[in-house]
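Q: I'd like a close look at one part of this model, please. Take your time and walk me through the charged side chains and what surrounds them.

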Amino acid sequence: GQPIIIKPGIFKEYNISLVNHSLKDIDYDDTIESLIAQKKQAEQAKAVAITNAEKALQDAITAEAQGQARIAQAKADQEVEKITEVTQAEKNRDVAVLKAEQELKVAELNRQKAEQDAQAELVRKRADAEANKLLVTAGLTPQQKLDGQIKIADLVSKNLATGIAQADFPRIVVNGGAEDSSGGGVDLVTMMGLNQAMELVDKMSANSVK
């Protein structure tokens, strides 16, 4: 049960016991010093490697998290755009449907109005035809006859006045030499007739000048 060593310890050899001792300054040979230095470097390299590995793992976790965040943001943006487009499309559809319904109603109202106007015109024409038929059957009223005669007389008088105004009447009338029973030349009746004729010529001339 005793430890196996190459040679007995120096303290045992001199029967020396040390209690609570701490060795601080130990001189090792070059080989031990080299091994110790290599071990220290290996420990440091290991610590650096562990640190780098942990950092790389953390970076990977961070990159993955950032990628997931970007993917989530892109999906969210696409979803928002999709919802916006769908909403706009539904709005345009509703507006188009409402406009079409309004145009249909307006067209229906215009058609009904046109039918009513056509019916009213037909009724008016039928009423006029029936009235004309009744007038022809019953004959013209005295007032209508009088109005017609007045219009005819007015047209005749205007045409006659125009013809007389455009005619070239002589202003010197020579009697044919007839004598009265007493031999005194032109009688009184002839003189009056000539006077009226001259007055008529003067009036027509005056009207033609106007």
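Which residue does aspartate 59 form a salt bridge with, and how far apart are the closest N and O atoms?

A: Before the close-up, keep in mind that this is a predicted model. The partner you're after is lysine 55: aspartate 59 forms a salt bridge with it, and the closest N and O atoms are 3.2 Å apart. That falls within the 4 Å allowed for such a pair.

Why do these two sit about one helical turn apart? Because aspartate 59 and lysine 55 are 4 residues apart in helix 2, about one helical turn separates them. As for how open they are, lysine 55 has a relative accessible area of 52%, so it is exposed. Aspartate 59, at 39%, is partly exposed. The cut-off explains the two labels: exposed means over 50%, and partly exposed covers the range between 20% and that value.

Your pair has company. The count of salt bridges comes to 6, and further along helix 2 there is arginine 111, which meets two acids. With glutamate 108, arginine 111 makes a salt bridge of 2.3 Å, N to O. The two are 3 residues apart in helix 2, which means about one helical turn lies between them. With glutamate 115, arginine 111 makes another salt bridge, this one 2.5 Å from N to O. Here the spacing is 4 residues, again about one turn, and both residues lie in helix 2. Since partners are shared, the salt bridges join Glu108, Arg111 and Glu115 into one network.

How open is that trio? Arginine 111 is partly exposed at 39% relative accessibility. Glutamate 115 counts as partly exposed too, at 37%, and glutamate 108, at 33%, gets that label as well.

Now step back to the helix itself. Helix 2 spans 30–138, in a protein chain with 4 helices and 0 strands. Read from the N terminus, the elements go α-α-α-α. Of the 210 residues in the chain, buried ones make up 1%. The chain exposes about 19100 Å², and carbon and sulfur atoms supply 59% of that area.

Just ahead of helix 2 is a loop that comes after helix 1 (10–13), and two surface patches involve it. One is acidic: Asp25, Asp27, Asp29, Asp30 and Glu33 gather in a patch of negative charge on the surface. Aspartate 29 has its place in that loop between helix 1 and helix 2. With a relative accessible area of 46%, aspartate 29 is partly exposed. Unlike aspartate 59 with its lysine partner, the acids of this patch make no salt bridge, as patch members are residues without one.

The other patch is nonpolar. Ile10, Phe11, Tyr14, Ile16 and Leu18 make it, and it covers about 510 Å² of surface. Tyrosine 14 lies in the loop between the two helices, and at 55% relative accessibility it counts as exposed.

So, back to your pair: aspartate 59 and lysine 55 are joined by a 3.2 Å salt bridge, with about one turn of helix 2 between them.

Terms used. Residues numbered from 1 in each chain as written. Predicted model: local features only at pLDDT ≥ 70, side-chain atom pairs only at ≥ 80, totals over all residues. Heavy atoms only, no water. Patch = residues over 30% accessible without salt bridge, like charges linked within 9 Å, V, L, I, M, F, W, Y side chains within 5 Å. Areas by Shrake-Rupley, 256 points an atom, 1.4 Å probe, with all protein chains shown as cover. Salt bridge = Lys/Arg side-chain N within 4 Å of Asp/Glu carboxyl O. Buried < 20%, exposed > 50% of the residue type's maximum accessible area, 1.4 Å probe, protein only. Lys, Arg positive; Asp, Glu negative; His and termini not counted. Charge placed at Lys NZ, Arg CZ, Asp CG, Glu CD.
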